[in-house]
Amino acid sequence: MYTYNIIKKSITYSSLVLVAALTSCSKDYLEIESFGTPEVENFYQNPADAEQALNAAYSPMREIYGKENFWAVMGTDIIQGDIGTDDFIKGGNRLNDNLPLFEKESYTISSTNVAIEQTWQTNYKGILYANLILNKVVNIAFDDANRKKEILAEAHFLRAYYYFDLVNSFGGVPLIDKLQTAGEYDIPRATTQETYIFIENDLKAAIADLPSRFTKTTAYLGHADKGAALGLMMRVSLYQNKMDQVKTYGEQLFALPYVLQNYATIFQVEGEWSPESIYEINFVTNASILGTGITQRISPRSKKGGGFMQATDDLLNEFEANDPRKAATFYKLNEPTAYGTGWYIRKYSWAPYSNYASPTIGGTTNSANNIRVMRLSDAYLMYAEAIYRTDAPTAVAYVNKVRKRARGTAASTVVPDLALTLSGDPLRDAIYHERRVELAGEGYRYHDLIRTGRIQSVLVPRGFIAGKNEVMPIPYSQVTLSKGILLQNNY
Amino acid sequence: MKQSTHFSRTSYLSSRLKMTCKLTALFCMGTVASRGATAHFNKKYDLIQTEVLKPALQQITIKGTVTDADGMPIPGANVLVKGTAIGTTTDIDGNYVLGVPVTAKTLVFSYLGLKTTEFAINGKKVVNISLQNDAATLEEVVVVGYGTVRKSDVTGSLSSVSTDEMNKTQNTSIAQAIQGRAAGVTVSKGSGGPGATPTVRIRGVGTVNNADPLYVVDGVPIGDISSVNMADAKSVEVLKDASATAIYGSRGANGVVLITTNGGKKGKTVISYKTYTSFDKRIDNLDVLNAQQWGALYNEGNVNDGKAADPSLADPASLPNYDWKDAVYRGGSIQSHQLSASGGTDKSTFYVGFGYINQKGIIDESSYKRTNFRVNNTYQITPKIKLGNNMQYAVSNTQSIPSFGFNSNAKAAFSGFFIDPVTPFHNPDGTYSIPKYAAQPINPLGLTTFGVTPEKKENFLGSVFIEAEIIKDLTFKSNFGLQINNTSVDNYKPAYYVSPIFSAPVSSYNLSRSENRSIIVSNTLNYNKTIAKKHYFNALLGQEIQNASTNNVNASRNSIPTSVGQPTLNAGDVSSSTNGGFISESKLLSFFGRLNYNYDDRYLLTGTYRMDGSSRFGANNRWAKFPSLAAAWNLHKENFFKIDAISQFKVRAGWGETGNQNIPNAAIYNTLNVGTNSIVGKDESTALGIAPLTPGNANLKWETTITTNIGLDLALFSNAITFTADYFIKNTSDMLMATPILYSSGYANSPYTNAGNIQNKGLEFTTNYRKKIKDFSFNVGGNISFIRNKVTALASEGSVILTGDGNNFYNISRTEVGHPLASFYGYQMIGIFQNQKEIDDNASLLNTQPGDVKYKDVNGDGQITDSDRTFIGSPFPKFTYGMNLDLSYKQFDFTAFFQGSQGNQIFNSTNYWLEGDLASNSSTSILGRWTGEGTSNTIPRATFTNAGNNNLQSSRFVKDGSYLRLKNVQLGYTFTKSVLDAISLQNLRIYVAAQNLLTFTKYDGIDPELGVDASQNSPLDIGIDRGRYPSVRSFSLGLDINF
């Protein structure tokens, strides 16, 4: 009985104490911080935070070509963009392999195309990350005021880059430059023109404050620089037919020490960040799993690839006889069961078709090929296209720079110089030809055809519907979720 | 007189105790059991004192044996001289010796649960007595939250699942065994794979959030019951309405499943061994074409499209045929061994259980093994204090084959079904082939060989408790529970190449370790009081803390040298190493109370109240209150109720609030992702990036469900017929949900919000009829539930929730106000265009030809566009049902159990390939396709180029998923006592059984029994068939022995 009483008492008291203790400290007891992650409210405090936020803002640009986003890779201009043009057929295993690409190829593009949806989603991710920098980093105190200016300028470049991909794909899109909170997400689409103005303003801010990579160490490579911003501004201007602007920014770009390289090396390992390179997105094969999936998609199926994007005879025939660029751009595989032309792109390929090793870490979609976003020869040709009516000789000279480089050490009859007297439509067509050949497989054909009004002759016979397929449909999920705020394109 | 009242109360409680023992573990029934047990001990101590005080009277000695109706001796039975306090209890063999005064006239024998029997001494010196079962006091006791109640005292809606019936099935998981056993409980299988966990829904889907019920095993709430051994379960109760679940407050909204494990009984030790072996095969509902049929169809497609014929298919009759459908299927098996021992003395009871299950799956490489140990003990350390423990250790090994993704191509169970039958299994060099024609499916032989994932789970689940009677009628109980789930994967894979998307260029070793820990401490005070014999009160006050934490790590390395015989992580190339890990934690703090009032067994009233504080919510919304109230009226106990045929007539009504807090632990915070990386510099080093993926929502608050329930319990002809009906309305508001926001926000994931309201309404009926005619007895029962689900409100953000992708169909399901959750959405197929005139006269897609699908122009604008999409079906059944038949004749027993679902629809996304893509293999249904005017109005013509038009997401792929399945049928034989005596056994039964023997369905996919797809990890992914691991049909042979 004595023991019992002791136990009874101790239970009674201990339970009372327990209840009391828990009640009194319940506030603390139930407070658990989030594990392993900063919170927005305590981040963006110092320059180190700003650099980390900036690194993240470059991430969506990489993700679009990256291993982790299968369908975004399929939706890039490098792959989906040129399928359905006179340059490339879809390829793959069979007609029905890869529905999203088949829809593009046959111009039966649906609003539920998952590759296109990823283009929309991933670019907006980049826009959010850029907006976070533009809205938060301005308030951070920096010892190095110059670096702060650069970071903000890089963010402007990034936002322009992401919006440019959107306006190209969809036309005018919702313009967001502030940090949104719940309830503020429904924003209607701006017009195409408003979107371009927005992009140009960002690029102007970027051009003003960005350094050139030639004034920085190699550790800076991958960051946007003045040349990248100028080059992007040239393209943005060209796509709006603002030829004066192309000229203005081209001249600023050409003042920087870029140099054309041996064509055959551009897409080799040694071509990364060569003096010809205006901007690249870095990729690497290592355990960080930050490689690109482009290579795997366009490699032949017998070489562990997806076999997509095979060149048409039309494109192959566009190359002049003996043009060294043809061998540097394509290789042929004779596979009995292959579906398609059997002509694959050497650009962004693995060994033995380039000197990039086939990835061993992280699987076949973890390739190390940097994405060449813009090259000097591209800028030369944009410049030539902008001025051919006003200054034909200079235009010819710029095209000839490209042709001379293509020729390399070969005889002058190989890819001969254009006649200095060439002008008007023949010059224009020569520039178009040069773009098609020089940039084959790099994802520009579709937009070049559309912006230069060659829809009827080239695309319509392939099923393209004028007035509709110039842009892609806004993702169905987004139109639905916006309850009518997001207006669909002509789909 | 006082003494006698006390005694009869003890007897009353004791009788409740006996049945309780049959149904519950002492642990959970805490309050009642302790009263019974402590009162019983009081009595014994009183007796000893009495005998000491009155030694002088003249005595005679009477001895004898007390047995039960079966002649088994009863230890611990009370023997009392009537009208006195003189008495004793029987020993372990049921014997007693009692000195009685010569004046004594009558002996009273009693034992819990047996009819108290008086015996006139009449000078006898030896009195042997057999106590009969006491039907009147054999009152069933059911487990409710933090206690037990007499079944007749129940005011809420709950279902007891018979563990006897459950154990007649050859299931490896308790959750699966519940299927069809209780009205209002829907169990569906996401996968038929070994060790797969089925989805359990109680009274519909109340939330788009996690809608799993709360499982409470011996008072410990746990998330995963896959480790709990069915053979250890003594009772399974399903609490359905809020008046029953509100005591679990924040976690009660989706219903509560209470599992009580076996305990020991005072008396002779019982040793039991149960075993069965089963032989399993696939349920095969789906036939595909052979090479000849397929080749001819392929050629027809080319002809229809005006395309050149494929020369290698020029002569279909000569094509070799490869039976891909069966390539990875095999005969499976299950072996089960269950051994247990239980018993007890006056002061302690024990139950020790051992279980072993070994399942070989019906698909290559898939298997499941589990070993369980359980020890349940109680110790009466003083007359008023009892200690106890329930401990379980389980270890399981699951080998699972690939089933990931929303396409069928990488699902090992299904990819073979749509591989063209002209591709051989292997290449000439012995490697796994890539299909020649079918674009998507991956060779299932390669998938199983290189995709199999071994997972080991170690689980400890245990609790210790102490119960003490502090003062008379007031019991204190403290329970400490702990669950540890450790999962480990050690996965070595050589280099392989099966397809472009299923390959590994180098060997790899992947390792992961996950530790989940959940601690619960609960303290309750329980007070019982009867006033003036008619007012019975039971009050419960409690407090509880729960803490759940997770800690994960994973690591991998590549390129293990082939010379390493037994690969380890360390054997891999260090430069290829990757690793990761995360931690999360959540806490709950709760206070709760319950008051039961019973007036004269006629009027019953129950009120509960619970307050929960959760760490998952911000300081302002942290606490929530969950009240409930229920009443019942036992009409048959009223004096005016004179219908003899009706032995029970009870009406019940209840109302209550419950909650849901199933959100990620950090949902309120604006967290940033460390590792949104990019690469900078010529040396291409990884630059650490930090950016948000999910917006936080500091204003999140509890989801609340208010349930109103009315019910009726009827019993006729001395309980030969029982009938229960319930009607409920369950309104969920402030539904917690990951609410989709526009991608233009830039966030990759959806924020959690209190997004809307859902209503579930339903009717449930359960009935049973049992009858015994001489040696023949039968029992037939059934249950049926009708549930209507509707979304009644959604906040403006996320007003339309799109979910469910599968095989080139995207956003198959749509959740919108006014419709059931996750309704199928798409075009309405209204037939096949039979001729060009029909095409000209109707809206059609570009390039449509006769034989193509005709869609409804819903908005009547003459075109088929996105705006013609509409609701085309619901995955929810109109009703689900179960039927049970038990027969026994002499030594034979027979059981049959049917389970079914009616009126649910399935979106069969696999038909994208099987009826929509000629390069893939097709189901034989395509033989009835359109080949000319009037030939078919359901299956379009063979075409490659127009397949896209015909394969639009439409009602073409929405199928009737109704089925009725003979889940279990069993025939057993129990040996007679004479045989048993000869071989010294207490009991011996052998049986043969079959699972899933018959299926009645019109569904055209692999298996209609289809739930939430486990590969999708979304509660809104309901009724979409992507080709899952099918159910198995098994034949078993089993043996039950008691020593």
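Modeller: Before you ask, one definition: a helix is a DSSP run of H or I with at least four residues, and helices are numbered from the N terminus. Please also keep in mind that this is a predicted model.

Biologist: Thanks! How many residues apart are Lys977(B) and Asp981(B) in helix 11 of chain B?

Modeller: These two form a salt bridge, with their closest N and O atoms 3.8 Å apart. Helix 11 of chain B covers residues 977–982. Lys977(B) and Asp981(B) are separated by about one helical turn because their spacing in that helix is four residues.

Biologist: Is Asp981(B) exposed or partly exposed?

Modeller: Its partner Lys977(B) has a relative accessible area of 52%, so Lys977(B) is exposed. For Asp981(B) the relative accessibility is 48%, and the exposed class needs over 50%. Asp981(B) therefore counts as partly exposed.

Biologist: Which Lys residues belong to the network of salt bridges that includes Glu276(A)?

Modeller: Here salt bridges that share partners join residues of chain A into one network. Its acids include Glu276(A), Glu320(A) and Asp323(A), and its arginines include Arg325(A) and Arg375(A). The Lys in that network is Lys347(A).

Biologist: How many residues apart are Lys701(B) and Asp734(B)?

Modeller: The side chains of Lys701(B) and Asp734(B) meet in a salt bridge at 3.8 Å, N to O. This pair links distant parts of the chain: Lys701(B) sits in the loop between strand 35 and strand 36 of chain B, and Asp734(B) in the loop between strand 37 and strand 38. Along the sequence, their separation is 33 residues.

Biologist: Now the interface. Which residue of chain A meets Arg622(B) in a salt bridge?

Modeller: Chain B and chain A bury about 8,200 Å² between them, 61% of it on carbon and sulfur atoms. Across that interface the rule finds one salt bridge. It joins the side chain of Arg622(B), at 3.3 Å from N to O, to that of Glu31(A).

Biologist: Which strand gives the largest share of the side of chain B that touches chain A?

Modeller: The contact takes 94 residues from chain B and 93 residues from chain A, and 27 residue pairs across it are in polar contact. Among the elements of chain B that give two or more residues to its side are strand 22, strand 27 and strand 28. The largest share, 12 residues, comes from strand 28.

Biologist: Is helix 3 of chain A largely enclosed by the rest of the structure, or largely free of it?

Modeller: At 1.5 Å a residue, the 17 residues of this helix should span 24 Å, and the 25 Å between its end C-alpha atoms agrees. At its start, a side-chain oxygen of Asn46(A) reaches to within 3.1 Å of the backbone nitrogen of Ala48(A). As 13 of its 17 residues are buried, helix 3 of chain A is largely enclosed.

Biologist: One last residue: is Asn783(B) buried or exposed?

Modeller: Asn783(B) lies in strand 41 of chain B and touches residues including Gly180(B), Phe765(B) and Tyr881(B). Met883(B), 100 residues apart from Asn783(B) in sequence, is 6.6 Å apart in space, C-alpha to C-alpha. The relative accessibility of Asn783(B) is 9%; the cut-off is under 20%, so Asn783(B) counts as buried.

Conventions: Residues are numbered from 1 along each chain as its sequence is written. Chains are lettered from A and ligands numbered from 1 in the order in which they are written. This is a predicted model: local features need pLDDT of at least 70, side-chain atom pairs count only at pLDDT 80 or more; totals for chains, interfaces and linings use all residues. Side-chain values use heavy atoms; hydrogens and water are left out. Contact means heavy atoms within 4.5 Å. Buried area is the accessible area (1.4 Å probe) that two parts lose on being put together, summed over both. A salt bridge is a side-chain nitrogen of Lys or Arg within 4 Å of a carboxyl oxygen of Asp or Glu. A polar contact is a pair of N or O atoms within 3.5 Å; within protein, one must be able to donate a hydrogen and the other to accept it, and residues adjacent in sequence count only if both atoms are side-chain atoms. The expected span of a helix is 1.5 Å times one less than its number of residues. Buried means under 20% relative accessible area, exposed over 50%, partly exposed in between (1.4 Å probe, protein chains only). Lists of a residue's contacts leave out its neighbours within four places in sequence.
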